[in-house]
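User: Please take a close look at one part of this model, the antiparallel sheet. Then set the rest of the architecture around it.

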Amino acid sequence: MREFRYERATDMAGALALLGAEPDARPLGGGTNLVDLMKSGVERPALLVDLRELPLDRIEPTADGGLHIGATVTNSDLAAHPHVRSHYPALAQAVLAGASGQLRNMATVGGNLLQRTRCGYFTGAADDVAPCNKRVPGSGCAALAGEHRNHAVLGASPHCVAVHPSDMAVALAAFDAVVAYETLDGPGELPLAEFYRPVGNTPQAETALPSGALITGIVLPPAPIAAASRYRKVRERASYAFAIGSLAAALDVRDGIVHEVRLAFGAVASRPWRARQAEHALTGGPAEAAAFAAAADAELAAARPLPHNAYKLPLMRNLAVSVLTELAEEAAR
């Protein structure tokens with residue numbers, strides 16, 4: 001591990017100044033992903049700027065009925081917050097599905113959004129590095145012909161087939177979250193739908209955050225439908241593990257007809273995948289299993305699986321049918 005300096009920021013201006021003065025500086029929240037990447041040599045910062053004393057640890061309703069979540073709110077506090085549990089239950093469920101209790105106590109909301117893929121070719125030890133365009137741009141993607149069982153089936157490219165690991169971000173995608181950030185030039189916002197960049201031929205460029213920007217929070221717009229939502233995660237073992245497929249869903253059914261629906265897929269692409277084709281197919285139609293299956297098939301029609309991960313297509317189809325059927329049955333009671 002490279003030697004590094006450590007500074008603790010006490011205000012936003014100081015944090016931005018420290019990060020702006022050192023090209024190899026990295027912001028530090030809980031460190032649950034960053035420190036692992038430093039140990040393996042993926043990240044080699046010269047300076048860590050601790051953000052945990054910044055006043056960004058509150059969850060507050062917005063004037064229009066939405067919710068603002070500060071960037072240094074821990075995952076544990078987010079999942080336990082009464083407003084989140086009652087108004088955005090899928091978000092609370094996603095956070096609880098995402099890690100062990102110890103990690104949730106340390107991990108922060110801002111860091112969760114910025115966590116990097118767990119592809120073994122990316123995270124491998126420095127003395128055993130396979131070609132990885134995220135790690136060494138232009139070196140190739142070893143997963144294409146190697147181990148790719150848990151990799152992307154949607155939105156990938158010949159340059160990278162890794163998936164984004166966040167559970168929380170999948171639920172946020174379903175509810176049209178907006179990422180707030182601060183730069184030396186002032187504040188800005190990015191819809192989560194634009195926050196993660198498509199893979200293309202530059203998979204190392206993962207977000208659209210301006211250089212030197214710090215995430216200050218997440219804004220959830222008002223979404224009454226979110227109160228009837230659910231997050232379901234499929235993993236290879238029952239204990240703490242990253243998803244091989246996941247789904248955030250919300251459903252508003254009136255007289256047996258889908259009035260509104262929100263769907264986002266996880267662990268199938270380099271970013272949370274908002275299933276807009278499926279949403280369009282379902283809206284105005286019957287709330288029944290056959291329609292749910294057809295909508296999932298419409299979304300997955302663009303999938304391009306690799307030899308060992310085609311199982312994700314029926315997995316996601318069945319997951320969508322199961323969760324949407326549960327929500328429809330609850331609405332009918």
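Analyst: Strands β4 (residues 59–61) and β5 (residues 67–70) pair in the antiparallel sense, over three bridges. This is a predicted model. Within that pairing, E60 stands opposite H68 in β5. The two strands make a hairpin, with five residues between them. G65 sits in the turn and has a positive phi of about 100°.

β5 has a further partner. Four bridges join β5 to strand β8 (residues 214–220), and the two run antiparallel. Here G70 has G217 of β8 as its bridge partner.

Next comes another hairpin. Strand β6 (residues 178–183) and strand β7 (residues 186–191) pair in the antiparallel sense over six bridges. Two residues lie between β6 and β7 in this hairpin. V179 has L190 of β7 as its bridge partner. A180 stands opposite E189, also in β7.

Now put the pieces together. What is the strand order of the five-strand open sheet? The order is β4-β5-β8-β6-β7, with antiparallel pairing. β4 and β7 stand at the edges. Each has a single partner strand, so one side of each is left without a neighbour in the sheet. Neighbouring strands of this sheet are turned by 25° against each other on average, with direction ignored. As for side chains, in a regular strand they alternate between the two faces of the sheet.

There is also a parallel sheet. It is an open sheet of three strands, in the order β1-β3-β2. Its pairing is parallel. β1 (5–8) and β2 (25–28) stand at the edges. Each of these has a single partner strand, so one side of each is left without a neighbour in the sheet. The average turn between neighbouring strands of this three-strand sheet is 25°, direction ignored. β1 pairs with strand β3 (residues 47–50) in the parallel sense, over four bridges. One of the contacts is set by R5, whose bridge partner in β3 is L47.

Helices next. The axes of helix α12 (residues 289–300) and helix α13 (residues 312–332) come within 9 Å. They cross at roughly 140°. α12 and α13 are therefore oblique to each other. The cut-off matters here: only angles over 145 degrees count as roughly antiparallel. The crossing of α12 and α13 is right-handed.

That leaves the empty space. Rolling a probe the size of a water molecule over the atoms shows where empty space is left. How many cavities of 30 Å³ or more does a search of the whole structure find? The search finds one. About 90 Å³ of space lies in this cavity. Its lining has 17 residues. Nearest its centre lie C119, C132, N133, C141 and C160. By class, the lining of the cavity has twelve nonpolar, four polar and one charged residues.

The second largest pocket is the other space to look at. Its volume is about 400 Å³. It is lined by 23 residues, and the closest to its centre are R118, N150, V163, F242 and A243. Which elements give two or more residues to this lining? They are α8 (120–123) and β10 (243–254). β10 gives the most, with three residues. By class, the lining of this pocket has eleven nonpolar, seven polar and five charged residues.

Back to the part you asked about. The five-strand sheet holds the β4 and β5 hairpin and the β6 and β7 hairpin. β8 stands between β5 and β6 in the strand order. At the edges are β4 and β7.

Note on methods
Residues numbered from 1 in each chain as written. Predicted model: local features only at pLDDT ≥ 70, side-chain atom pairs only at ≥ 80, totals over all residues. Heavy atoms only, no water. Pairing = 2+ DSSP bridges. Axes fitted to C-alpha atoms, helices over the stretch in contact; angles between N-to-C directions. 1 Å grid on protein atoms, 1.4 Å probe; cavity = no way out; pocket = protein on both sides within 12 Å on 5 of 7 lines; lining within 4 Å. Points joined across faces, edges and corners; volume = space filled by probe spheres on them. Nonpolar A, V, L, I, M, F, W, Y, C, P; charged D, E, K, R; others polar. Parallel < 35°, antiparallel > 145°, perpendicular 65-115°, else oblique. Left-handed = near helix turned anticlockwise from the far one by under 90°.
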